[in-house]
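Work through the exercises below with the sequence and the model open. Each one has a task, followed by a solution in steps.

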Amino acid sequence: MQDRLWNICRRSTCYAALLIMVACARQGFPPGGPEDKTPPEVVATSPLPSAVDVPATVKVFLTFSEKMHRQSVEQALFIVPTPTGKVLLRWRGRTLRISFSEPLRLGRTYVLTVGTEARDLRNNRMHQAFSLAFSTGSSLDSCAVTGRVYGPGMVAGTTVWAYDLSTNAHPDPCAALPDYVTQCAADGQYALQAMAPGRYRLFAFSDREGNRRYDPDYDPLGVPAGDVALSEEAPWFHGCDFRLVVRDTTAPRLEAAIASDARHVHLRFSEPMQDEPLTRPDNYRIALREGGDTLQVVAALVDAERPNYVHLATSQQKPHPYRLLIRQAYDLNGLSLQEACVEFTGSAIPDTLPAGVARTWPQDSARAVACVTSMRVTFTEAIDTARAIGALVLTDSAGQRIPGRVRWLSSAQCLFAPIGPLIGRSRHQAFIFGSLLRDVAGLPLRADTVRVTFWTMNCDTLSSIAGTVLDEDSTATGPIILWATQVRPKGDRHELTLPGPGPYEFAHLLPGVYLLEAYRDQDANGRYSPGSALPFVPAERFVVLPDSIQVRSRWPNVGNDIVLPRWQRAPSAQQTR
């Protein structure tokens with residue numbers, strides 16, 4: 001009995017010692033340890049990069065620096081030109097083997113790309129795309145295109161496609177697969193390498209669905225400023241940059257028209273619309289449905305808060321059915337109105353609701369207002385601007401009237417621009433005299449006087465950015481639009497318009513870090529035109545300064561020259577034959 005108890009105790013002691021040894025062996029970083037943030041990369045390949053005379057029955061091996069999330073790698077793997085037959089993938093640890101069910105074509109350069117969507121088991125994505133180029137012939141194609149993609153939010157993983165125009169003169173990214181493909185790094189940089197000489201058209205898009213297809217109503221697309229020509233004499237093209245924009249391919253619709261009273265009709269569109277030509281009264285024709293009398297449109301304005309609404313002020317309506325026709329209307333993407341006719345019933349309710357002030361800028365009680373600013377007033381409906389004289393007055397802290405000019409931006413919005421800068425660190429008051437204002441129906445403003453009080457900032461803290469804009473394309477036309485965006489601390493975007501190349505200055509800027517951009521407004525429509533894929537319309541040329549600009553108080557930052565690069569125009573299809 002004692003021997004049995006002794007054996008039990010001895011076994012228990014051994015078990016305890018074993019547990020202590022295991023616990024000691026696990027000493028080190030506490031559970032969780034330091035977080036792994038190192039991006040994975042490809043550390044070895046077979047065949048070697050730039051290899052030639054590779055057998056057509058080759059098996060490709062890619063070895064990564066760590067174990068990978070296999071599905072993410074397989075979804076980020078691109079092979080061009082596309083092999084015939086099936087691509088077979090097999091993993092062993094950190095190594096991916098790629099084989100082909102049918103031999104590769106002889107005398108061709110192949111490029112295998114692992115995009116930046118590939119990630120390791122810690123969810124770290126590759127810092128930049130990896131490309132392996134090899135040839136089944138005696139030479140390797142060595143042309144390349146590089147550039148950068150810009151867009152809202154993250155651009156990492158954005159796909160860049162290149163089409164050979166000798167085999168597809170009008171490539172459609174919605175339907176045709178590319179001849180070359182890669183993905184952007186985290187900063188938007190990309191490089192298409194080992195390309196054959198030729199003429200190419202590139203597109204960039206964010207594949208949100210991950211289906212390797214461009215979905216025009218969902219995926220943001222970037223269109224270049226022109227095609228790219230590569231040759232043995234000029235094998236590199238640098239600066240094929242893109243701006244990502246979601247294309248709206250659905251034409252706008254006029255959904256409804258409602259008469260709120262005998263002098264107003266409110267239109268609702270399916271999406272926000274351009275102000276022009278919807279703010280022109282002669283753009284409308286309203287007539288009784290059965291023929292006869294017509295309604296005159298006295299004023300028209302797009303709702304500032306809901307830009308898919310347009311408000312019309314009309315002559316006296318009758319309580320009968322009307323048919324309204326719009327001659328021209330465009331959405332924000334330039335698509336024309338699809339259905340331009342709608343019916344509504346006129347109202348017999350008299351117009352008794354007076355106009356009011358919808359909002360002002362600066363707002364009441366606003367502080368730190370820039371010394372160089374204009375007073376903007378938006379009314380709830382159209383105003384008889386011909387009779388609105390002396391209705392807006394701006395005063396300083398002593399109550400003295402500040403000279404300036406009043407300009408009506410629309411029938412419901414006016415702008416008061418002081419002749420000179422306002423006094424810094426001072427109180428200012430704006431007075432809107434309702435007794436001097438009438439809406440188009442002749443009703444006075446609902447309030448006799450609206451007062452807005454605001455305080456200006458210390459103007460001594462402001463500074464400026466200046467330089468010269470140059471354009472390498474001497475044949476280019478159209479104004480040049482510049483943007484200075486405060487990125488740290490996050491602030492406003494300031495805009496300048498130049499008639500052409502020359503000096504510029506962003507004055508009265510708050511201290512901070514700014515990003516400078518510029519584009520040539522070739523169609524002179526006042527906004528950046530991103531182009532289209534099919535039919536192909538090149539985007540307007542733009543440039544983003546690679547380095548941000550530090551602005552300090554009372555220390556003008558000068559010499560910030562901006563150069564719009566001349567697009568290296570590719571030869572036409574006839575010239576390449």
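**Exercise 1. A salt bridge between two strands**

Task: Find the salt-bridge partner of Arg268 and state where each residue lies.

Solution. Step 1: apply the criterion, which asks for a side-chain nitrogen of Lys or Arg within 4 Å of a carboxyl oxygen of Asp or Glu. Step 2: Arg268 meets it with Glu255, the closest N and O atoms being 3.1 Å apart. Step 3: place the residues; Arg268 is in strand β19 (residues 264-269) and Glu255 is in strand β18 (residues 254-261), 13 residues apart. Strands here are DSSP runs of E with at least two residues, helices are runs of H or I with at least four residues, and both are numbered from the N terminus. Step 4: classify exposure, where buried means under 20% relative accessible area, exposed means over 50%, and partly exposed is in between (1.4 Å probe, protein chains only). Arg268 is partly exposed at 30%, and Glu255 is partly exposed at 35%.

The model is predicted: local features need pLDDT of at least 70 and side-chain atom pairs count only at pLDDT 80 or more, whereas totals for chains, interfaces and linings use all residues. Residues are numbered from 1 along each chain as its sequence is written, and side-chain values use heavy atoms, with hydrogens and water left out.

**Exercise 2. Further salt bridges**

Task: How many salt bridges are there, and which residues form one network?

Solution. Step 1: the count comes to 16 salt bridges. Step 2: one of them pairs Glu343 with Arg289 at 3.3 Å, N to O. Glu343 belongs to strand β25 (residues 341-345), while Arg289 sits in the loop between β20 (284-288) and β21 (294-295), so the pair ties together parts that are 54 residues apart in sequence. Glu343 is partly exposed at 39% relative accessible area, and Arg289 is partly exposed at 36%. Step 3: another salt bridge joins Asp471 to Arg520, with 2.7 Å between the closest N and O atoms. Asp471 is in strand β34 and Arg520 in strand β38 (residues 512-520), 49 residues apart. Both Asp471 and Arg520 are buried. Step 4: follow the shared partners; salt bridges join Arg289, Glu290, Arg323 and Glu343 into one network.

**Exercise 3. The cysteines**

Task: Which cysteines are joined by a disulfide, and is Cys184 buried or exposed?

Solution. Step 1: look for cysteine sulfur atoms within 2.5 Å of each other, the cut-off for a disulfide. Step 2: the structure holds 1 disulfide, from Cys371 to Cys459, with an S to S distance of 1.6 Å. Step 3: locate both ends; Cys371 is in the loop between β27 (366-369) and β28 (375-379), and Cys459 is in the loop between β33 (449-456) and β34 (463-471), 88 residues apart. Step 4: the torsion about the S-S bond of Cys371 and Cys459 is about -95 degrees, so the disulfide is left-handed. Step 5: compare exposure; Cys371 is buried, with 2% relative accessible area, whereas Cys459 is partly exposed at 26%. Step 6: turn to Cys184, which is in no disulfide; the nearest cysteine sulfur, that of Cys240, is 11 Å away. Cys184 is buried, at 0% relative accessible area. Cys414 is also buried, at 4%.

**Exercise 4. Aromatic pairs**

Task: What geometry does the pair of Phe203 and Phe536 have?

Solution. Step 1: rings of Phe, Tyr and Trp (its six-membered ring) pair if their centres lie within 6.5 Å; planes under 30 degrees apart are stacked, over 60 edge-to-face and the rest tilted. Step 2: of the 18 aromatic pairs in the structure, take Phe203 and Phe536, which are 6.4 Å apart centre to centre with 80 degrees between the planes, an edge-to-face pair. Step 3: Phe203 is in strand β12 (residues 198-205) and Phe536 in the loop between β38 and β39 (542-544), 333 residues apart. Phe203 is buried, at 0% relative accessible area. Step 4: extend the search to the cluster, formed by Trp161, Tyr163, Phe203, Phe205, Tyr214 and Phe536.

**Exercise 5. The whole chain**

Task: How many helices and strands does the protein chain have?

Solution. Step 1: the protein chain has 3 helices and 41 strands. Step 2: for extent, the C-alpha trace spans about 105 × 85 × 55 Å along its principal axes. Step 3: for burial, 43% of the 577 residues are buried.
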